[in-house]
Amino acid sequence: MVKKVLRKNINYFLLFFIVSFVFSYYFWRVFYVSEPIIKLDIRAKWITSPFRSDQCYFKKSFFIRFPIKEAWIIFKSNGSSGYISLNNRIIFHINSFDYNIKFLDVSNMLFKSRNTLLLKIENKNVWENPNMILEIVYISSLDNSIHYIVSDKSWFVTFSNSIIENNEENYYKYTWLPAKELKRQTKLYNSYNIDIFTIPLNKFYFLNKDYLKINFFLNSKPYYAWIRISSNFNYQVFVNNQLVLSQTTRLPDLDTSLRQMTTFRIDRFLQKGKNEIFLSVRTNKSIKKFYLDGMVYTKNNKIYISPSCNLIKWTSNLSPRIHFKFIEYTMQEWSLFIILFCLIFLLLSLFFTVLIVKSKINRRIKNILATYLLISLFLMILFLSLNYDIRFVNGYFYKKKYFIFSLIAPIFILYFVLKKNFLKQISFLIKKNVNVMILIITFISFILRFKYSIIETLHPDESALYLKAMGMWKYFYPSIKLTKDLPVWYVTTSEFLSFWQAIFLKIFHFRELAIRLPSLISSSLAIPIIFLFSKILTKNIYVSFFSALFFAFLPSSIGMVSFGRYPSLLLLMALCSLYFLYLFFEENKYRFFIISIFCYLFTYFTWQGSIFFFPAILLNIFYLAKNFRIGIKLSFTYSIVLLFIGLHLLFRFSLVLGFPAILYGKSISGLTPTLAFFKPFFSPFYYLWNFFLVPFHQFLSLFFGFGILYLIISPKSKLNKRIIPIFITVFIPLFFMTCFLEIYNYRYSYYLLPYLIIGGLMSLWRICELYSRNKIIVFIILNVICFSISTDLIFKIRNFPYTNPQIKNYYDIYYYSRISKYFSILSPYMSDGDVVVALQPHLLKAYNFRHGLYIETRLVLPVVSNTQHFLPLHRIAGDKSLITIEDLKKIEASGRRVWIIMSPIIKNFFYPTDLAYIRKKYFLFYEDINTLVFRIPR
């Protein structure tokens, strides 16, 4: 009987499993191991630059007239990169998307004299200047008085450090200007207590036993407590007979300098009354030195924990570069989570099974229970995801009120679903006016895409496309003329894209707009095509509508528009090829089949790597055909495109053989098919991390995975039969690109994004269909929750794992160097006799800026040389190439002033010794985001 019930209700038990996992994890984090939100009031003010800048240098000089006992820095900024320097010594590097408060011990770095604090903060946000708040707290060793240095308008700011390094000349109209104070709340919040960082670390101990006990008494249960420990031996730490910490490092790897301090919260192990901390030694060393202390916080007071005084102590000046390693949970606590999960799952399953067996529970009650659990599950996922919102301190949403809300809110939502007509009217509105709403969404998304497509200057790859498109009007085909000695080079890649870019360049002379307009139009047109394709595939107006809505506002689809290469146009052409193929099977009109063939040809001439999309099309034909013979006939007809592809490949091969020049260095033709799985660089899970699990794709990918699971559970479902072509379309190209391409890149898989969205929402509809009688209303509610997590319109969820900088998920930040900005600054200081050496000369050529030489000493990218005599040239701009550092020295020996423009900064173009020579010989004249400009003589 039980076996029959399990088999019949397997979908419900799967839901219970997922709900139990998320519920137990959230319950465990909220009620057992939740982080305290500690408010920190500081005297400092938020400051920024008085002018618009992408990076700023903040400087403060101050005098200290007495010896320092202790000192530390409290710091927070909106910077994506940078550093903090104190007295010409870098003490901290700012990391990308790290918005937490930082505490730095600088006790041994402040002088009894003049001190200078310098901060470089780079913020790539389009609409926001770099800003920061900082406070230095130092204690006098004479009278223990506390003093402060705070960030305010007395600080100075500039946008380049060339003024710092070169005092002889002032090249800029901006010098050091007073900082601007921001009217922003200075109450900061943190999940760690400041005492962890500020209590001095200067009393160390020798241990003459194999154990250590610390006993103390508490009048009440503490709300927060921590210990920190460092040792030159392996150990175990027990709190009230519970193992909380252990160090089992191999002896050669032990930190004998005691510069790593392990910190752990122990308040959940303490109790009212007697408490004991027991340190067990795991070593045979005769000299056992360690550091151990802690702090316990109760409502009335706080108690400092340290070893007894009978141990031998010594005082040592600990390095301010000490590293705090925070341990979150013990294995015992993780075990508690697993036990809690198993218990909840068993109780839910047992309760459900008993109701079915004993009471013969009807389908309506089952659906109400499942709908409640489903909505509650999505609300918990929402709050768990919001912990990655950069505007909130870590653990902000691990509060009881959010947990209780996720349990109570579904009851009210169910009331509206079952009793009220409001949500039903919304579903009716979508169904009745869906075409008008799709047009409105397309228009709004076009405006949004246009807004962010013109804020950045050209990428080096886009500048190559610009030069190739300009060649179309001169030579009537995509081409580049390197030098007078060499014939015109026909560029046989992305010809269809170059055709449209040439037309738009003729109409619009604005480079950025003309190069990116094909991507902008393609991405916008893809929205209604996704709706129409999904409508044919799923026969479901709601899945189709939300698929188009998700693609319209998904950050990765908006961000890719600002990259004027093939991904967006490729997505549209591939989508059209499948759409007209499905339309052919739907309408049985052969003209749609012919249109699909032409669309695939345009797909191939947009990006030759789309040849891996062809097997997916053939499998779709076989799946949609009525029988095998029809599938063979249609596939053979569709394979006519292979004739044109073969002719194109022969043409490319003949051009390479006939061109009177050869390439030196590594080839850039990494798209040549090869057996990649035999190569050392083979990465079978690349597209798992860099397509399915990139920021804002996770939840769509999660639903997509559920679709596979439900397909296995109930393969006879009509919806599951419709989702099989989606799995074919996604996995076949990814498989071939993984196994047969030498280069992996997200943009190669970007054109599969619509199918990921459609497949994910089809799976979500399947979930609603299984568990709710009001599946349309529940589907809309869950889509609203998922949409709020998967877009950047409402929340700023920017600390997701697996972040890849190549993926433009954050469309409101700068990715490239600001070309037009530094051209206007450099031009007045260049004379006719100067030599300009560039890492990307075609970028300078596209903007009609001075260029003359190309430098690359490692030949990461190839150079072109005439076959008659070796004269290396840049493969796009045609500039003479300096392929060794000796070639650069010969230019310097001519006595001419040399400029080296590194934009973007590509350090792997140089050997380390060559890069060190440039930094030593030249001085930094200008810098900006991803840009360095050097000049000689110093």
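Biologist: Where does Lys60 lie in this model?

Modeller: Lys60 is part of strand E3, residues 55-63. Keep in mind that the model is predicted.

Biologist: Why is buried Lys60 said to have no salt bridge?

Modeller: A salt bridge needs a side-chain nitrogen of Lys or Arg within 4 Å of a carboxyl oxygen of Asp or Glu. The nearest side chain of opposite charge is Asp152, and it is 4.9 Å away. That distance misses the cut-off, so no salt bridge is counted for Lys60.

Biologist: What makes the link between the side chains of Lys60 and Ser154 a polar contact?

Modeller: The limit for the N or O atoms is within 3.5 Å. Here the value is 2.9 Å, so the pair qualifies. Ser154 is also among the residues in contact with Lys60, including Asn115, Leu117 and Trp155, once neighbours within four places in sequence are set aside.

Biologist: How many aromatic pairs does a search of the whole structure find?

Modeller: The search finds 76. One of them is Phe553 with Phe787.

Biologist: Why is the pair of Phe553 and Phe787 called edge-to-face?

Modeller: Ring centres must lie within 6.5 Å, and edge-to-face requires planes over 60 degrees apart. This pair has 6.2 Å centre to centre and 90 degrees between the planes, so both tests are passed. Phe553 sits in helix H13 and Phe787 in helix H25, 234 residues apart. Both Phe553 and Phe787 are buried.

Biologist: What makes Phe593 and Tyr638 edge-to-face?

Modeller: The cut-offs are again within 6.5 Å and over 60 degrees. Phe593 and Tyr638 give 5.5 Å and 75 degrees, so they fit. This pair links helix H16, with Phe593, to helix H18, with Tyr638.

Biologist: How do you know that Phe593 is buried?

Modeller: Buried means under 20% relative accessible area. Phe593 has 0%, so it counts as buried. Tyr638 is buried too, with a value of 0%.

Biologist: Why is Gly707 called buried?

Modeller: Its relative accessible area is 3%, which is under 20%, so Gly707 is buried. Gly707 belongs to helix H21, residues 698-713. Beyond residues up to four places away in sequence, Gly707 touches Ile723, Phe727 and Ser763.

Biologist: How do you know that the charged end of Arg43 sits over a ring?

Modeller: The distance part of the rule asks for CZ of Arg within 6 Å of the ring centre. The charged end of Arg43 is 3.8 Å from the centre of the Tyr148 ring, so that part is met. Arg29 sits over the ring of Tyr398 in this way, at 4.1 Å.

Technical notes:
Residues numbered from 1 in each chain as written. Predicted model: local features only at pLDDT ≥ 70, side-chain atom pairs only at ≥ 80, totals over all residues. Heavy atoms only, no water. Helix = DSSP H or I, 4+ residues; strand = E, 2+ residues; numbered from the N terminus. Buried < 20%, exposed > 50% of the residue type's maximum accessible area, 1.4 Å probe, protein only. Lys, Arg positive; Asp, Glu negative; His and termini not counted. Polar contact = N/O pair within 3.5 Å; in protein donor to acceptor, adjacent residues only side chain to side chain. Contact = heavy atoms within 4.5 Å. Phe/Tyr/Trp six-rings, centres within 6.5 Å; stacked < 30°, edge-to-face > 60°. Lys NZ or Arg CZ within 6 Å of the ring centre and 35° of its normal.
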